[in-house]
Amino acid sequence: MAPDTDDNEGFAKSATVAEPELETAVGSAEGVPADERVAAVRRVAAAGRRWHVGQLAGVAALLAVALTGGSIAYGAMRDGRTAAVADAPSALSPALLNSGDIDASILSLQAHLKAQPRDFGSWASLGLAYVEQARTKGDPSRYPQADKALKRSLAVKPGNEQAIMGQAALAAARHDFKDALTYADRVLKENPYSQSALSSRIDALVELGRYADASKAADTADSRRPGIPVFTRYAYVHELRGDVKTARRVLEQALGTASTKGDISYVAFQLGQLAWNQGDYKTAVDYYARALAADDNYLPALEGRARAEYASGDKATGLRDMEQLVARYPLPQPLVELGEMYEDRGAAGDEAKAREQYALVDAWIALARANGVNADLDTALAAADHGDKSAALRAARAEWARRHTVHTADALAWALHVNGKDAEALPYARQATATGYRNASFLYHRGMIERATGHTKNARDSLKAALELNSGFSPLGAREARKALADLEAAK
């Protein structure tokens, strides 16, 4: 990292920003009301239904224009793991960025930077805030603004740690995990005790499928900077290896030490997810409720609660809560889940309602790609069951070429299966379950592929394990698993 220098030295030419350029980098915080955001997504989705899915890239530009200054929902909620905004020195209190009111933080930073455009720390904070806004409220159009703000910080003070960590967060948000790892390592070379860099390094290694390295990184981080950001990652690394007991113990200890609303909601949600994955719906709902008591707008907990309610048999409440969530924040995974709930209910008009949710996923993916996000995994997972199966396979192969994780192995296996390539799919399905990670969807996919390849005993074992682990893991998947298992038992 470059040594500190006088911020005023050699600065006037590089950091003085013309008003239009400043406005572009700072952006606008005038938000579009939530109902207008959703209406914009739905208008574009309607156009997507009339066009071929391959033409949605053109629709993305329209959607981006419609949502400029506002937000649509974006988040990698598949595992419910999110990255907190890294601490960054600025004229503003760091507590403001972690107060939960990200919009107020951005407004304050924008106002400050218009008066003090040479404050590199505030530029880094603004970039991080945009990344956080995309995470918490969802808005892929914020990523280009984050990039500009972080580059402005580095132009003012080359090599500053806060901006580099912002670049790591932005790369991870765009699913560019190799770059995220590079940025984290760059910071750790100069500051081996940076909690943000230690945490980001674990995340990147996990998302690249380098689980042994991620486990070592978690141990290193725990020895250097123990704390909630490290504890939650340490727990997830153990969960991926099937060590649920250790994961639960670490998360319970983390929740016991959590003091801020953000930490409480985040850790309680992680415990809810752990319970959900084991099919313990009551415990999951209790933890989701604790997360929402700390932050009643915490999206992952709202989704988790609706999903657990539905799986536990309270289908009307679960569907209603998922409808309310999607009406405010049309995120990909809740959209798919709501569509499957409609299909499962099967009332008059539900089939059309389900198709609408799946079309919205296509619109979101197009917008995400237009703003530099690698959405291949999202495409593969959604399209395999509810869209263009050949597109699902192309996306899954592309994602597998970039990283070998249990999730990409599962996505590729399932995409191959729905395209009739079961012999090729089976090794990937086995790889997805090889670490010991307890995931009912993975077991269901493996069981269906084993059945298709004639491995009937293995198929019975896998399908039975999926339903014993989490009998309501998916409204449609669980139903298909029960039917397939019954057919296999009858054929014995």
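**Helices H26 and H27, and a look at Gln195**

Let me begin with helix H27, where the buried residues are Pro475, Leu476, Gly477, Ala478, Ala481, Ala484, Leu485 and Leu488. I should say at once that what we are looking at is a predicted model. Those buried residues of H27 pack against helix H17 (299-311), helix H19 (332-345), helix H21 (376-386), H25 and H26. As for its length, H27 has 16 residues, which at 1.5 Å a residue should span 22 Å, and the end C-alpha atoms are 23 Å apart, so the two values agree.

Helix H26, residues 456-469, can be treated in the same way. With 14 residues at 1.5 Å each, the expected span is 20 Å, and because the end C-alpha atoms of H26 are 20 Å apart, expectation and model agree. Buried in H26 are Ala459, Arg460, Ser462, Leu463, Ala466, Leu467 and Leu469, and these residues pack against helix H15 (261-277), helix H25 (440-452) and helix H27 (475-490).

Turning now to Gln195, this residue belongs to helix H11, which covers residues 195-207. A polar atom of the Gln195 side chain lies 3.4 Å from the backbone oxygen of Arg225, and, neighbours within four places in sequence aside, Gln195 is in contact with Arg225, Pro226, Gly227, Pro229 and Val230.

Finally, the chain as a whole: there are 27 helices and zero strands, and 56% of the 492 residues count as buried. Of the contacts between residues at least 6 apart in sequence, 63% join residues at least 24 apart. The accessible surface comes to about 20,200 Å², with 50% of that belonging to carbon and sulfur atoms.

Terms used
Residues numbered from 1 in each chain as written. Predicted model: local features only at pLDDT ≥ 70, side-chain atom pairs only at ≥ 80, totals over all residues. Heavy atoms only, no water. Helix = DSSP H or I, 4+ residues; strand = E, 2+ residues; numbered from the N terminus. Polar contact = N/O pair within 3.5 Å; in protein donor to acceptor, adjacent residues only side chain to side chain. Contact = heavy atoms within 4.5 Å. Expected span 1.5 Å × (residues − 1). Buried < 20%, exposed > 50% of the residue type's maximum accessible area, 1.4 Å probe, protein only. Areas by Shrake-Rupley, 256 points an atom, 1.4 Å probe, with all protein chains shown as cover.
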